[in-house]
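Trainee: I would like a close look at a single part of this model, the place where the two chains meet. Please take it step by step.

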Amino acid sequence: MAKVTVVRILGWAVALVAVVVVALSPRFGRAEPTADYRPPVPADALANGCYPLPAGLRFDFPYQVRSDADVATPRPHRRLVLQYDERDAATVRRMLDAELSAAGLPAGAAVVTPLDGVPAGSIVRGTVVLTLPRVADQRPADPTCADPASTKRTAAP
Amino acid sequence: MTAVLEKESVAAVSRPRRSRADLLLLVLVASHLVLAWVMWTRVQERTPIGDEKYYLDAARALSNLVRDLVSLHAPHGAELRDNVVGNGWFMPGTPLLMTPLLLVLPHADIGQVRLYVSVVTTLLLIAALLDVRRVLGPWYAVVVAVIPGLIPMWVLFGATMYGDMPAGILLVLLVTRLVAVVRGLAAGHVPTLRQGALLGLVAVGSLYVRGSTMPLLAGMAAAALLAVLWLLRGRTRRGERRRALGALALSAVVFVALLLPWSIGASHALGGRVVTTTSVPLGLGNTFGDPTLMCYGPCDPDSTMWFGPVRYSREVARATGHSEVEVQGQMASYALRGLTPHRYADQVVTDFENYLREPAGYAEVLHGPHDAAVGQLTFITRVTGWLFWPVILGGVAVLLLVTRRSYDAQLLSIGLKLFLGGLLVQPFVHVAGSRYWPTAAPAAGLGLALVLGLAARARGRAGERGDRPASRVLTWVQGLLTAGVALVAAALALLNA
């Protein structure tokens, strides 16, 4: 019986301390979490202004840039690799033909390859490899442009 | 004075083993405290490593949530989303345990955080030992106080924010509570609502601390339901069966009610359905899939095998409006194409090797910046290595034991099989490492105690404690579970041959 009473008193004491701590907690200041494990998604490589597309070229299908590199052979060019989403290869091909021609680039500048064996409902559907004129870093002072997470710039493959 | 002496000697005569065991238990707990202190001094300056960064950030954000609520401010949604839900990889169990500290000391330094965590895990261990002593007997508590209570690496994990070690302690409590309930049922006592609520609370607590306990919790819930249906079959007098099912239903209600705030919050933050964590698809893809296909091709080279795929899934989600959780599921399926049973089995065996190899593997990274204590590292590695053998022995015993000696032993044998078997699902779905055994180690300790107790009883040394006679059904259940383990092991061996 005495043991039960002691436990009960202890329980109430802990509860009381908890209430006081909670009530006073705003006075002790605010903690500062760093969100280290959830960094923001880097800006899209073609929208961050670092290595823009040739004038007049834009893509109207959903895509994500996978890599962007300057290649020396067979002649110096920029090799930009995207993946396209939610469209079939024929649609993307048609859209690219129009978009490339609007920018004065040949249709052969883009090679569309659907992913092999993805199910019908797949979000990611295929790859586009673009052969484009080289472009220099347009904003060398911007740290984003030195961040491969955003630019997807890689050494020549 | 004479009266006191007489009283003590009577107690000593009537319960000689018990008091000797209790004295030993006291000495062992004291040794644990000393060891815990030494281990804390080792890591008191160690900045958070790996996942600890998440746990600390989540605790900080949760403490801010409490501040906002008591001062009637709107919660800081973005802060909670980025720090508590994060990538959805972990449930915020240890952050919830750490929140009280961060409420008082919002800028607590790492030494204070680790000291607080050590105290909490030690208190949890003592509570579990007391319950083991109450339900199973003092000698069981003595064995658990050594295995894993005195394994240096296990104690060192108690000073970290990883949930693996405290989850194992909570699972011990779950097993003792379940054994107590089923033993009561067999003796005709219907579990009370309070017992039911406590079961649900301990179960959801262990899930919050370590999401990987989900399979074993499902197994234990099924076992508890079957026990009630079987033991109270045909008993309709005063609605015993109904009341027992009511207690069980309450445990389920408590479990779901406490899980829901997380599930809803995480699903809302990540834009897709999340029940416990998001880690299974990425875990499967990274463990068994082709890494060069994880992002429908290789992932970004500047990131890790965990962060790279998440970043990619968020980029796809941004481009398409789908949720990153859905994208991750599709990525994993794609990377797993062409996985053969042979390759799967081969990887599972590798996972088990990694699970068991180098039990003190984390001791090297868990040290302070001024740590010159090479001797300490040697001590942790060596002693953990020695004491790991009894852990393996106890684990094997748990998985293979089929006892017909007593009802209590049978119940514990089944409870531990579910405990350990459920945890060992992990290497089948996720890369394993030397961080995971601390969750399973208490099951091995209890298994060791069970085998030692049965051996002592066979030699007629330990007294019968008014135990119920063994049950044929429970022998069969043990046999089935053991056969299941043997089948899986045989299949793995065949596929690896």
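How many residues of chain B are in contact with chain A, and how many residues of chain A do they meet?

Mentor: The model is predicted, and what follows should be read as a description of that model. On the chain B side, 39 residues are in contact, and they meet 33 residues of chain A.

Begin with chain B. Five of its helices each supply at least two residues of the side that touches chain A: α3 (52–70), α4 (77–85), α5 (93–104), α14 (307–320) and α15 (324–335). The largest share comes from α3(B), with ten residues. By residue class, the side of chain B that touches chain A divides into 15 nonpolar, eleven polar and 13 charged residues.

Chain A brings a sheet to this account. Four of its strands form an open sheet, in the order β1-β2-β4-β3, with antiparallel pairing. At the edges are β1 (63–71) and β3 (110–114) of chain A, each of which pairs on one side only. Neighbouring strands of the sheet are turned by 15° against each other on average, with direction ignored.

At the β3 edge, β3(A) pairs with strand β4 (residues 124–132) of chain A in the antiparallel sense, over five bridges. As an example of the register, A:P114 has A:G126 in β4(A) as its bridge partner.

Two helices from separate chains then need to be placed on the sheet. From chain B, α14(B) packs on the sheet and touches β1, β2 and β4 of chain A. The direction of α14(B) makes about 115° with that of β1(A). α14 of chain B is also one of the helices listed above for the side that touches chain A. From chain A itself, helix α2 (residues 89–102) lies across β2 (77–85), β3 and β4 of chain A. The α2 helix of chain A runs at about 170° to β3(A).

Now consider the chain that carries those contacting helices. Chain B has 20 helices and zero strands. Its radius of gyration is 24 Å, close to the 23 Å that the globule rule gives for 497 residues, so chain B is as compact as a globular protein of that length. Along the principal axes, the C-alpha atoms of chain B fill a box of roughly 80 × 55 × 55 Å. Buried residues account for 47% of the 497 residues in chain B. Of the contacts in chain B between residues at least 6 apart in sequence, 80% join residues at least 24 apart.

Note on methods: Residues numbered from 1 in each chain as written. Chains lettered and ligands numbered in written order. Predicted model: local features only at pLDDT ≥ 70, side-chain atom pairs only at ≥ 80, totals over all residues. Contact = placed C-beta atoms within 7 Å. Nonpolar A, V, L, I, M, F, W, Y, C, P; charged D, E, K, R; others polar. Pairing = 2+ DSSP bridges. Axes fitted to C-alpha atoms, helices over the stretch in contact; angles between N-to-C directions. Rg over C-alpha atoms; globule rule 2.2 N^0.38 Å. Buried ≥ 20, exposed ≤ 12 C-beta atoms within 10 Å, placed from the backbone.
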